[in-house]
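User: Please take a close look at the parallel sheet of this model, strand by strand, and then at the parts that surround it. I would like one connected account.

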Amino acid sequence: MFLDFDREFPDSKTIVLDINYRSVPEILAASDELISHNIVRYPKTLKAVKEEGTKPVFFHAKSDREESQWICSRISDIRKEGGKLGDCAVLYRAHHLSRPLEEALMRNKIPYVIYGGTEFYSRREVKDLICYLRMVAYGDDISFRRVVNVPPRKIGRKKMELLAERAEAGGRTLYEALRDSIRDPVFKGTDAGRFVSCIEAARELRGSMSLGDLLQALMDRSGYERFLRLQGDQERLDNVAELKRGITEYGEDPDATLEDFLVHASLFDGNGDEKPDRVKLMTVHTSKGMEFPYVFICGLDEGVFPSKKTDSPEEMEEERRLMYVAMTRAEYGLYLTDSEGPAESGGFKSPSRFVFEIGRENLDYAVELDPEMAKEMEGRVRTEAARARRISDLFRRGDRVIHQVFGAGTVEEVSEREMCYVVKFDNLETPRTLRFDAKLSREL
């Protein structure tokens with residue numbers, strides 16, 4: 001581990017780089033307070049060169065739509081005060097979180113560009129499912145060509161040429177030609193029948209189910225969701241889940257139709273604005289090494305940032321370091337946002353623990369949190385801090401220890417995930433694995 005470098009090389013010299021030329025003192029104070037909750041780190045407090053500015057702002061929204069609209073409003077304020085759109089960067093933990101933000105930017109006619117990614121409605125899996133929905137509503141040839149073999153159904157080039165000939169001869173669409181030819185021996189051994197039955201069943205069911213349920217039925221009957229899961233690409237699955245969430249929200253309007261949603265989605269298919277002055281959207285990972293006058297970190301929900309996949313102290317510290325990186329991209333203005341609503345993993349969303357670890361004194365709250373919610377999260381932060389303090393008392397790799405049975409030895413590994421040490425005892429040929437609660441003492 002890098003933090004053991006001075007133990008491995010005792011003649012080395014540590015030079016602390018603690019002068020910060022980028023951020024105003026208030027942003028550094030908030031960032032330092034956050035990262036102080038990490039145990040495995042070199043203690044360091046950054047010193048700002050810039051003059052005093054303003055505290056970071058935290059906004060807790062009632063929905064992700066309200067959260068995105070608030071971000072757009074603040075960007076518009078920055079523009080009115082003489083700033084440029086290009087001065088603003090919006091960071092998120094994962095690409096699928098950009099959907100409500102992109103929609104809000106488009107509604108507010110604010111041009112944007114996504115770094116290291118593609119606009120939400122231009123992503124492959126999103127376009128695939130939009131075309132499945134278009135097959136239900138319109139059955140157009142463009143959508144047909146895109147999805148007839150996704151997942152693969154053994155309908156190759158020659159079969160497509162045959163369908164094109166029959167469609168042209170009969171004045172029909174490609175889908176109608178396939179539906180009318182489904183019993184033709186040429187399609188024996190293909191999954192053409194399953195494709196047609198999927199679309200026809202969805203057309204029959206669309207009037208009796210919500211838009212979200214219709215999309216899920218299409219994914220199930222077509223085999224598309226299973227197709228994605230077999231590929232094991234979690235980012236694509238997250239985008240599909242976000243599309244379903246978006247169409248479900250849209251369908252909450254009792255007057256909304258499938259055709260209405262498809263028109264709505266078409267408005268966001270590609271930004272199409274090539275103006276040089278555009279808001280920058282990107283993941284926190286993409287932002288490493290960059291800096292921006294104004295930074296918005298959105299989607300600060302527990303289970304999103306930090307990720308729900310975080311299941312060890314080491315991983316939590318890495319998530320916290322990532323949040324620290326995000327915060328310290330900002331030069332003058334830092335805005336943190338989250339929203340209420342259903343959580344991705346079930347239940348309901350709550351603000352990220354990172355908001356509370358930053359400290360109320362280091363933030364300006366745009367709206368006050370519900371006292372019970374704040375109390376619950378502050379209690380969780382205290383519990384995590386106590387656990388971190390216990391971990392800080394552990395032995396480190398290279399420490400000399402004594403066990404009452406095995407004698408003296410050297411700690412070779414420390415696994416916080418498995419809650420154990422690996423110790424090579426002087427009198428034993430092979431290392432031993434011992435739990436953290438084993439009776440070890442430090443060799444004097």
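Analyst: In strand β6, V279 is the bridge partner of Y112, and in this predicted model that bridge belongs to the contact between β5 and β6 (residues 279-283), which pair in the parallel sense over 3 bridges. The two strands are part of an open sheet of 7 strands with parallel pairing, whose order is β5-β6-β4-β7-β8-β3-β9. β5 (112-114) and β9 stand at the edges of this sheet with a single partner strand each, so one side of each is left without a neighbour in the sheet.

Towards the other end of the order comes β3, which is listed between β8 and β9. With β8 (residues 330-339), β3 pairs in the parallel sense over 5 bridges, and there the bridge partner of F58 is L336. With β9 (residues 364-365), the pairing of β3 is again parallel, over 2 bridges, and the partner of F58 in that strand is Y365. F58 thus has a bridge partner in β8 and another in β9.

The burial of β3 can be followed residue by residue. In a regular strand the side chains alternate between the two faces of the sheet. In β3, V57, F59 and A61 point one way while F58 and H60 point the other way, and all of them are buried. Since 5 of the 5 residues of β3 (residues 57-61) are buried, the strand is largely enclosed by the rest of the structure.

Among the helices, α4 (residues 98-107) has a direct link to the sheet, in that its buried residues pack against β4 (88-92), β5 and β6, and also against α3 (64-80), α12 and α13. This helix is mostly covered, with 8 of its 10 residues buried; they are S98, R99, P100, L101, E102, E103, A104 and L105, a set that includes R99, E102 and E103 alongside L101 and L105. After α4 comes K109, whose phi is positive, near 55°.

A second helix, α10 (residues 211-222), also has contacts with α12 and α13: its buried residues pack against α5 (124-137), α9 (192-205), α11 (224-231), α12 (234-250) and α13 (258-266). Because 9 of the 12 residues of α10 are buried, this helix is largely enclosed by the rest of the structure. The buried residues are L211, G212, L214, L215, Q216, A217, L218, M219 and S222. The length of α10 can be checked as well: at 1.5 Å a residue its 12 residues should span 16 Å, and the end C-alpha atoms are 16 Å apart, which agrees. Just after α10, G223 takes a positive phi of about 80°.

These parts belong to a protein with 17 helices and 14 strands, whose C-alpha atoms fill a box of roughly 90 × 65 × 45 Å along the principal axes. Of its 444 residues, 49% count as buried. Among contacts between residues at least 6 apart in sequence, 69% join residues at least 24 apart. The accessible surface comes to about 22,800 Å², and 50% of it belongs to carbon and sulfur atoms. As for charge, the protein has 70 positive and 81 negative side chains, and the centres of the two sets lie 4 Å apart.

Notes. Residues numbered from 1 in each chain as written. Heavy atoms only, no water. Buried < 20%, exposed > 50% of the residue type's maximum accessible area, 1.4 Å probe, protein only. Helix = DSSP H or I, 4+ residues; strand = E, 2+ residues; numbered from the N terminus. Pairing = 2+ DSSP bridges. Contact = heavy atoms within 4.5 Å. Areas by Shrake-Rupley, 256 points an atom, 1.4 Å probe, with all protein chains shown as cover. Lys, Arg positive; Asp, Glu negative; His and termini not counted. Charge placed at Lys NZ, Arg CZ, Asp CG, Glu CD. Expected span 1.5 Å × (residues − 1).
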